[in-house]
Amino acid sequence: MLVLIRYPYVTGTSVVGIKYKDGILLAADTGASYGSTLRYKSVERIKAIGKHSLLGASGEISDFQEILRYLDELIIYDDMWDDGNSLGPKEVHNYLTRVMYNRRNKFNPLWNSLVLGGVKNGEKYLGTVNMIGVHYEDNHVATGFGNHLARPILRDEWKEDMSFEDAVKLLEKCMLVLLYRDRSAINKMQIAKITEEGTTVYPPYSLKTFWGFSAFANPTKGAEGSW
């Protein structure tokens, strides 16, 4: 029996991706919410795909696991040809756009927004696709709240020749803003990079936070009739 998931159950929040001097960086926190309850705090939502790509996902965690299964089959099938070639990030992104749009047309979407980045033959690639197949590529992308809160920061401060250290600081700034403004975000985050040399997914770590701002101490000040 086919079971259609009408709404997501366990979800992850924003993923942010940027190009930097040597490759691509992705960042996401490790929280997963069951409805509005932050139920899981160690869910890794960034995975290496084949030799040349990184994938980050927000949205339904089980659907992300299904997408990873699709991609495992795709990479294994490609490797079976043993022709010395391998799928690059552009090919994987194109495949994902077709998968998401196909499932949308069946009225059974995969409830995710995805960020796909990679490097092949010296060419950096970064793109995103949402649950209905809308997709684009850019120098920096974000999903969820990050599309509203992180991208304005990236538009102001991103530079094409950023070093790895500067790019990490910029991503941490974006994730900190999201932590303060997104109820589903947590301060435990993970960063992954991909360059011509390969892929590195770093262990999760915690951001330092400061909650002493006056707006946090009295958030309803000046709001008449509020609780």
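User: What makes strand 2 (residues 15-19) and strand 3 count as a pair?

Analyst: Two strands pair if DSSP finds at least two bridges between them. Strand 2 and strand 3 are joined antiparallel over five bridges, so the criterion is met. One of the matches puts V16 opposite A27 of strand 3, and a three-residue hairpin leads from strand 2 into strand 3. A word on the source: this is a predicted model, in which local features need pLDDT of at least 70 and side-chain atom pairs need pLDDT 80 or more, while totals for chains, interfaces and linings use all residues. Residues are numbered from 1 along each chain as its sequence is written, and side-chain values use heavy atoms, leaving out hydrogens and water.

User: Which sense does the pairing of strand 3 and strand 12 have, and over how many bridges?

Analyst: Strand 12 (residues 188-195) runs antiparallel to strand 3, with seven bridges between them. I24 finds its bridge partner in I194 of strand 12. Both elements are strands by the DSSP rule (strands are E runs of at least two residues, helices are H or I runs of at least four, numbered from the N terminus). By that count the protein chain has six helices and 14 strands.

User: Why is strand 3 called largely enclosed?

Analyst: Buried means under 20% relative accessible area, exposed means over 50%, and partly exposed lies in between (1.4 Å probe, protein chains only). Seven of the seven residues of strand 3 (residues 23-29) are buried, so the rest of the structure largely encloses it. For the protein chain, 44% of the 227 residues count as buried.

User: How do you know that F64 is buried, and what is it in contact with?

Analyst: F64, found in helix 1, has a relative accessible area of 3%, so it falls in the buried class. With neighbours within four places in sequence set aside, F64 is in contact (heavy atoms within 4.5 Å) with E44, R45, K47, L55, A57 and N112. T30 is 34 residues from F64 in sequence, and their C-alpha atoms are 14 Å apart.

User: What makes R69 and E66 a salt bridge?

Analyst: The rule asks for a side-chain nitrogen of Lys or Arg within 4 Å of a carboxyl oxygen of Asp or Glu. The closest N and O atoms of R69 and E66 are 2.9 Å apart, so the pair qualifies. Both residues sit in helix 1 (residues 61-80), three residues apart, about one turn of the helix. R69 is partly exposed at 40%, and E66 is partly exposed at 24%. Together with E73, they form a network of salt bridges. The whole structure has six salt bridges.

User: Why is the salt bridge of E137 and K90 said to tie together separate parts?

Analyst: The N to O distance between E137 and K90 is 3.7 Å. E137 belongs to strand 10 (residues 135-137) and K90 to helix 2 (residues 89-105), so the pair ties together parts 47 residues apart in sequence. With values of 46% for E137 and 40% for K90, each counts as partly exposed.

User: Where do K173 and E157 lie?

Analyst: K173 and E157 form a salt bridge with their closest N and O atoms 2.5 Å apart. K173 is in helix 5 (residues 164-181) and E157 in helix 4 (residues 151-157), 16 residues apart.

User: What makes I76 exposed, and which patch includes it?

Analyst: I76 has a relative accessible area of 54%, so it passes the exposed cut-off. I76, Y77, M80 and W81 form a nonpolar surface patch with about 540 Å² of accessible area together. Patch members need over 30% relative accessible area and no salt bridge; nonpolar side chains (Val, Leu, Ile, Met, Phe, Trp, Tyr) are joined within 5 Å, like charges within 9 Å. The areas come from the Shrake-Rupley method with a 1.4 Å probe, and for residues only the protein chains shown count as cover.

User: How do you know that the radius of gyration agrees with a compact globule?

Analyst: The globule rule is 2.2 Å times the number of residues to the power 0.38, with the radius taken over C-alpha atoms. For 227 residues that is near 17 Å, and the protein chain has 18 Å, which agrees. Its C-alpha trace spans about 65 × 50 × 25 Å along the principal axes.
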